[in-house]
Amino acid sequence: MLLAQKKVSSNQLNELFYVEGLNPIHINRQKNKCIDNLNQLFKLNTGNTLIYKEKSESDKRIILYFINPKVLRNQP
């Protein structure tokens, strides 16, 4: 999803982690944990952060995630 779209909201990513019966707060926590783990592994191997997050310009309550532009530039 992050490769297909320039920026993805936290809610969109949470849908990927959705399991019926799980609390939305737990789902969000699992998503954040997964992103942190990916970033740690990527940083160990490359020295770069893979996934960044920022607040939306239009609504500061919304968090947007995106792939590090430096990483994308190095891809063929």
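**Contacts, sheet and confidence in a predicted model**

Leaving out residues up to four places away in sequence, Thr49 touches Asn39, Phe42, Lys43, Asn68 and Val71. Thr49 sits in the loop that links helix 2 (24-46) with strand 2. This threonine has a relative accessible area of 18%, and it counts as buried because that value falls under 20%. The description that follows, like this opening one, rests on a predicted model.

A look at the whole chain helps to place that loop. The protein has three helices and three strands, and from the N terminus on they follow the order β-α-α-β-β-α. Along the principal axes, the C-alpha atoms fill a box of roughly 40 × 30 × 20 Å. There are 76 residues in the protein, and buried ones make up 28% of them. The accessible surface comes to about 6000 Å², with carbon and sulfur atoms providing 54% of this area. Of the contacts with a separation of 6 or more, 32% are between residues 24 or more positions apart. As for charge, the protein carries 12 positive and 6 negative charges, and the mean positions of the two groups are 9 Å apart.

How far can the coordinates be trusted? Mean pLDDT for the protein is 92, and 96% of the residues reach 70 or more. Among the elements, strand 3 has the highest confidence, with a mean of 97, while helix 3 (residues 69-73) has the lowest, with a mean of 85. As a general reminder, predicted coordinates should not be read in detail where pLDDT is low.

The three strands form an open sheet in the order 1-3-2, and the pairing is antiparallel. Strand 1 (8-9) and strand 2 (51-55) are the edge strands; each has a single partner strand, so one side of each lacks a neighbour in the sheet. Strand 3 (residues 63-67) pairs with strand 1 in the antiparallel sense over two bridges. Within this pairing, Val8 has Tyr65 of strand 3 as its bridge partner, and Ser9 stands opposite Leu64. On the other side of the order, strand 2 and strand 3 run antiparallel and are joined by five bridges. Here Glu54 stands opposite Leu64 in strand 3, so Leu64 faces Ser9 of one edge strand and Glu54 of the other. Strand 3 is also mostly covered, as four of its five residues are buried. In a regular strand, side chains alternate between the two faces of the sheet.

Which residues does Ile51 contact, leaving aside its neighbours within four places in sequence? The list holds Leu2, Ile35, Leu38, Asn39, Tyr65, Phe66 and Ile67. Ile51 belongs to strand 2, and it counts as buried because its relative accessibility is 7%. Among its partners, Asn39 is also touched by Thr49, and Tyr65 is the bridge partner of Val8. Not every residue is a neighbour of this isoleucine: Tyr18, 33 residues away along the chain, has its C-alpha atom 20 Å from that of Ile51.

A contrasting case is found in the loop between helix 1 (10-16) and helix 2, where Glu20 lies. Is Glu20 buried or exposed? With a relative accessible area of 71%, Glu20 is exposed, because the threshold for that class is over 50%. Glu20 and Leu38 are 18 residues apart in sequence, and their C-alpha atoms are 24 Å apart in space. Leu38, for its part, is one of the residues in contact with Ile51.

Notes
Residues numbered from 1 in each chain as written. Predicted model: local features only at pLDDT ≥ 70, side-chain atom pairs only at ≥ 80, totals over all residues. Heavy atoms only, no water. Buried < 20%, exposed > 50% of the residue type's maximum accessible area, 1.4 Å probe, protein only. Contact = heavy atoms within 4.5 Å. Areas by Shrake-Rupley, 256 points an atom, 1.4 Å probe, with all protein chains shown as cover. Lys, Arg positive; Asp, Glu negative; His and termini not counted. Charge placed at Lys NZ, Arg CZ, Asp CG, Glu CD. Pairing = 2+ DSSP bridges. pLDDT = per-residue confidence, 0-100.
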